[in-house]
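Good morning, colleagues. Please take a moment with the sequence and the structure on the screen before we go through them together.

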Amino acid sequence: MNRHLDFFSQRLAEPSGRGREFLEIGRIAGRYPAATTAQDPTGAGPSEISVWCSNDYLGMGQHTSVVAAMRQAAEEFGAGSGGSRNIAGTNHHHVLLEKELADLHGKEEALLFTSGYTANDGALAVLAGLSGDCTVFSDELNHASIIDGIRHSGAAKRIFRHNDADHLDELLTEAGPDRPKLVVLESVYSMSGDVAPLARIAETARRHGATTYLDEVHAVGMYGPQGAGIAARTGLADEFTVVMGTLAKGFGVCGGYIAGPAALVDAVRSLSRPFIFTTSLPPAVAAAALAAVRHLRRSESERDSLRDNAQLLHGLLTERRIPFLSDMSHIVSVLVGEDELCRKMSALLLQRHGVYIQPINAPSVRAGEEILRIAPSAVHRPDDVRRLADALDTVWRDLDAPRADGPCRYPARPA
């Protein structure tokens with residue numbers, strides 16, 4: 001075998017280098033969270049399962065208005081966009097969607113990217129790197145796309161302890177008053193499900209004259225007035241210079257964006273390599289996302305159902321002493337803490353109960369912090385939530401997993 005290929009084959013064979021496994025599913029439009037899978041846990045052929053780990057938190061990926069908008073745009077404009085945004089790839093739906101998103105967040109302008117990942121990577125590389133002497137202050141649990149964007153900017157960086165405004169204050173003070181500063185954080189953290197102390201961090205950044213960049217990927221659509229996010233919910237939208245969001249979670253489609261002051265957005269539009277050198281979103285995707293944003297700006301029912309289902313699950317898990325990391329959001333991360341046990345739990349839930357929850361291991365979380373990341377959605381029913389809690393309790397007992405003695409949190413980390 002080629003020596004290079006042999007190296008990777010050996011690494012994947014090691015317990016610490018195990019490759020990831022993917023479950024092939026077909027979400028059933030109109031009946032989601034029901035889905036089919038060709039990998040039937042009973043071995044009897046394709047079967048129906050219930051999905052509990054999707055980021056389509058509000059079920060907008062199957063909403064009739066969203067599907068209709070996508071269908072109509074595809075019939076009118078075809079399947080693809082035909083080019084990058086600056087070469088034949090800007091459609092009227094892109095323009096309308098950017099205006100809608102800017103208005104949603106109360107910002108001057110917005111800019112679309114093909115994914116949330118490229119939005120963070122492409123925007124931060126420009127915003128942190130343009131001045132040449134900026135220092136970036138990044139929460140230690142920030143997403144990989146944020147880490148990569150900061151890395152690609154070439155800017156100096158300091159990591160502050162998760163959600164620790166006091167530590168951020170110390171680091172900003174050390175940087176001195178004259179150096180440009182950029183504070184980057186998320187509002188809802190994707191693996192822990194906790195929410196940042198936005199008021200304290202905004203006040204700290206303002207006191208030090210720092211620009212702020214807030215990733216609201218797991219909040220837009222789900223929280224705040226008209227689904228504008230956590231900052232809007234707490235009346236702090238104006239405190240954050242740039243807001244970043246996704247169209248792939250609460251809005252149920254695909255793509256990412258930033259919204260902020262016209263000068264900063266124009267700089268990203270003009271200089272961001274992931275924006276300039278990428279084919280733009282298909283018009284049908286932009287049209288579907290626009291329909292989702294507009295619907296969620298006027299409808300509260302999806303957000304109400306999401307909140308109720310999450311709170312119900314928090315209570316049921318607490319009663320059963322099944323440890324989870326935070327009750328602050330709709331992301332319910334059940335802490336298992338061991339890779340093989342986490343995989344076994346996931347497999348038993350699928351095989352015995354038809355429940356699909358993907359095990360989350362390194363590098364998405366640190367080794368020893370493996371989780372079952374549960375996402376009770378707006379389209380689950382309360383009885384579905386109760387059955388899930390019973391199934392999880394059964395698997396927990398069958399595998400003799402440790403029960404919680406109290407509130408569960410991530411282990412403390414060194415500075």
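How do the residues of the lining of the largest cavity divide into nonpolar, polar and charged? The count is five nonpolar, five polar and one charged. Please bear in mind throughout that this is a predicted model.

Let me set that cavity in context. A search of the whole structure finds two cavities of 30 Å³ or more. The largest cavity has a volume of about 70 Å³. Its lining is made up of Arg 85, His 94, Leu 112, Phe 113, Thr 114, Pro 274, Phe 275, Thr 278, Thr 279, Ser 280 and Leu 281. Two elements, β4 and α10 (273-276), give two or more residues to this lining.

The second largest cavity holds about 40 Å³ of space. Around it stand His 105, Glu 216, Ala 228, Ala 231, Ala 232, Ala 237 and Val 243. Here the lining divides into five nonpolar residues, one polar and one charged.

I turn now to the sheets. As a general reminder, strands of a sheet pair through backbone hydrogen bonds, either parallel or antiparallel. In this model, seven strands form an open sheet with mixed pairing, and their order is β4-β10-β9-β8-β7-β5-β6. At the edges are β4 (109-113) and β6 (156-160), each of which pairs on one side only. From one strand to the next, the twist averages 20°.

Helices pack on this sheet. Helix α3, residues 92-105, touches β4, β9 (242-246) and β10 (256-260), and its direction makes about 125° with that of β4. Helix α6, residues 165-175, touches β5, β6 and β7, with its direction at about 155° to that of β6.

Within the sheet, strand β5 (residues 135-139) and strand β7 (residues 181-186) run parallel and are joined by four bridges. Thr 135 stands opposite Lys 181 in β7.

Helix α5, residues 144-153, also deserves attention. Which of its residues are buried? They are Ser 145, Ile 146, Asp 148, Gly 149, Ile 150 and Ser 153. The cover over these buried residues includes α4 (116-129), β5, β6, β7 and β8 (211-215). After α5 comes Gly 154, with a positive phi near 80°.

The next sheet is an open one of three strands, in the order β11-β14-β13, with antiparallel pairing. Why is one side of β11 and of β13 left without a neighbour in the sheet? β11 (332-335) and β13 (359-360) stand at the edges and each has a single partner strand, so one side of each lacks a neighbour there.

Four bridges join β11 to strand β14, residues 371-374, and the two run antiparallel. Val 332 stands opposite Ile 374, and Leu 335 stands opposite Ile 371. On the β13 side, two bridges make the connection to β14, again antiparallel. There, Ile 360 has Ile 371 as its bridge partner. Are the faces of β14 covered or open? Both are covered: Ile 371 and Arg 373 on one side, and Leu 372 and Ile 374 on the other, are all buried.

I close with the backbone details. Most residues other than glycine have a negative phi, and most peptide bonds are trans. Where, then, does the model depart from this?

The peptide bond from Tyr 32 to Pro 33 is cis, with omega near 25°. Pro 33 lies in the loop between β1 (25-27) and β2 (34-37). A cis peptide bond also joins Ala 362 and Pro 363, where omega is about 10°; Pro 363 is in the loop between β13 and β14.

As for phi, Ala 88 has a positive value near 70°. Ala 88 sits in the loop between α2 and α3, and its relative accessibility of 66% makes it exposed. Gln 226 has a positive phi near 60°. This residue belongs to the loop between β8 and α8 (230-233) and is partly exposed, with a relative accessible area of 34%.

Finally, consider Gly 61, in the loop between β3 (47-51) and α2 (64-77). At 27% relative accessibility, Gly 61 counts as partly exposed. Its C-alpha atom is separated by 7.3 Å from that of Phe 251, although the two residues are 190 apart along the chain. Leaving aside neighbours within four places in sequence, Gly 61 is in contact with Arg 27, Asp 56, Val 67 and Gly 252.

Definitions and conventions. Residues are numbered from 1 along each chain as its sequence is written. This is a predicted model: local features need pLDDT of at least 70, side-chain atom pairs count only at pLDDT 80 or more; totals for chains, interfaces and linings use all residues. Side-chain values use heavy atoms; hydrogens and water are left out. Two strands pair if DSSP finds at least two bridges between them. Axes are lines fitted to C-alpha atoms, for helices over the stretch in contact, and angles run from 0 to 180 degrees between N-to-C directions. Contact means heavy atoms within 4.5 Å. On a 1 Å grid over the protein atoms alone, a cavity is a set of points where a 1.4 Å probe fits but cannot get out, and a pocket is an open set with protein on both sides within 12 Å along at least five of seven lines; lining residues have an atom within 4 Å of a point. Grid points are joined across faces, edges and corners, and a volume is the space filled by probe spheres set on the points. Ala, Val, Leu, Ile, Met, Phe, Trp, Tyr, Cys and Pro count as nonpolar, Asp, Glu, Lys and Arg as charged, and the others, Gly among them, as polar. Buried means under 20% relative accessible area, exposed over 50%, partly exposed in between (1.4 Å probe, protein chains only).
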